[in-house]
Amino acid sequence: SMNTNLITTHAPEYDKAFWNAMKGNTASAETLRSGKTSMGTIKFPSYTASEFSEALAKESLFRKIGTVLYNQGDHKFWARDCDDIALFVPEGSAIPIYDGMEDFTPYDIYSHKLAAVIRMDEDFVFSPGYNLEKHMTAHLTKAFSHAEEKAFITGNGITEPIGILAENGGGEIGATASALTYDDVVALYFSVKPEYRKNGKWLMNDETAFALRKVKDADGNYIWNHSNDTILGKEVMISEFMPNAAAGASPVAFGDFSYYTIVDRDHTSVKALREKFAINSQIGYLGIEFLDGKLVRPEAIKVLKIA
């Protein structure tokens with residue numbers, strides 16, 4: 001009879017069976033039962049899962065600048081939505097508590113499914129010295145960080161996280177302009193409250209950055225500091241998913257991105273797709289992660305909208 005104790009994703013047997021399954025050997029399906037998902041994918045072994053999370057944290061723009069939570073069960077998280085107050089309290093006095101829970105806003109968390117497909121050459125995957133784990137995680141990290149960045153910027157909140165450019169739940173409009181001028185960029189900067197300017201960063205695409213590098217004020221001063229690539233002393237981040245400066249678009253965002261919260265809902269799982277790419281002598285791998293993302297304080301990031 002089969003041993004009914006499930007082998008966990010921490011177990012060395014699980015690790016071995018997982019990488020065998022990734023090479024197309026399904027003999028040890030029972031060993032992987034604890035990691036099987038309803039989609040037919042298999043959860044990463046624990047060691048690989050933490051390596052993957054670390055790699056994603058380094059690669060993903062928003063994971064570097066946002067706040068990342070892991071939440072598997074509860075479908076809400078509480079975010080403090082008021083200005084934090086620090087007080088001097090006389091020795092021995094009671095510490096006053098302000099309105100307690102009213103300072104916290106509950107946010108619903110959804111599980112949005114993010115899928116990435118990578119392809120690898122069979123010759124490599126089956127050659128004895130090839131480190132499949134290292135290469136697969138590297139490929140998946142790139143694919144996922146790309147997909148996440150797009151969702152965290154342009155996501156609609158329905159089938160994907162709420163991006164910072166979303167009409168509802170994204171950043172607020174800080175300035176409206178007909179073109180990218182010095183004054184309009186400065187207006188966007190000052191539309192953000194000082195507390196969010198302190199750790200503020202700019203976000204735009206390459207084309208916008210290139211245009212802003214040439215913008216000057218009336219006295220001929222550049223808005224862009226060419227010695228350290230900052231605008232008004234604040235770092236400029238580049239993402240291809242920010243739109244160009246066209247009518248109706250918001251090409252520049254500025255503010256404190258730590259108020260963008262990313263919630264990881266479950267560990268990444270993978271499935272080998274052998275038949276699909278066999279004609280090219282490749283194996284495909286489908287990776288899936290569940291996550292959500294939202295700007296918990298919409299006034300923390302403002303956008304410049306082109307009229």
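**Arginine 265, its neighbours and the salt bridges of the chain**

I would like to start with one contact, a polar one of 3.1 Å, which joins the side chain of R265 to that of S111. Please keep in mind throughout that this is a predicted model.

R265 belongs to strand β12, which covers residues 260–273, and besides S111 its side chain also reaches a backbone atom, namely the oxygen of N71, at 2.6 Å. What about a partner of opposite charge for R265? R265 is buried and yet has no salt bridge, since the nearest side chain of opposite charge is that of D292, and D292 lies 6.8 Å away. A salt bridge here requires the nitrogen and the carboxyl oxygen to be within 4 Å, so D292 at 6.8 Å does not qualify as a partner for R265.

Let me turn to D264, which is also in strand β12 and which does form a salt bridge, with R63, where the closest N and O atoms are 2.8 Å apart. This pair links distant parts of the chain, because R63 sits in helix α3, residues 61–65, and the two residues are 201 residues apart. Are these two partners buried or exposed? D264 counts as buried because its relative accessibility is 16%, and R63 is buried as well, with a relative accessible area of 12%. The pair does not stand by itself, as R63, E148 and D264 are linked in a network of salt bridges.

For the chain, the count comes to eleven salt bridges, and I will mention one other that connects two strands. The side chains of K302 and E172 meet at 3.5 Å, N to O, with K302 in strand β14 (residues 301–306) and E172 in strand β6 (residues 172–177), 130 residues apart. Here K302 counts as buried, at 12% relative accessibility, whereas E172, with a relative accessible area of 35%, is partly exposed.

Next, the pockets. The largest pocket has a volume of about 240 Å³, and of the 14 residues that line this pocket, the closest to its centre are A21, T26, K36, G40 and I42. Strand β12 comes back at this point, since β12 and helix α1 (12–22) are the elements that give two or more residues to the lining of the largest pocket. By character, the lining divides into six nonpolar, five polar and three charged residues.

Finally, for the overall setting, the chain has eight helices and 14 strands, and buried residues make up 44% of its 307 residues.

Notes: Residues numbered from 1 in each chain as written. Predicted model: local features only at pLDDT ≥ 70, side-chain atom pairs only at ≥ 80, totals over all residues. Heavy atoms only, no water. Helix = DSSP H or I, 4+ residues; strand = E, 2+ residues; numbered from the N terminus. Buried < 20%, exposed > 50% of the residue type's maximum accessible area, 1.4 Å probe, protein only. Lys, Arg positive; Asp, Glu negative; His and termini not counted. Polar contact = N/O pair within 3.5 Å; in protein donor to acceptor, adjacent residues only side chain to side chain. 1 Å grid on protein atoms, 1.4 Å probe; cavity = no way out; pocket = protein on both sides within 12 Å on 5 of 7 lines; lining within 4 Å. Points joined across faces, edges and corners; volume = space filled by probe spheres on them. Nonpolar A, V, L, I, M, F, W, Y, C, P; charged D, E, K, R; others polar.
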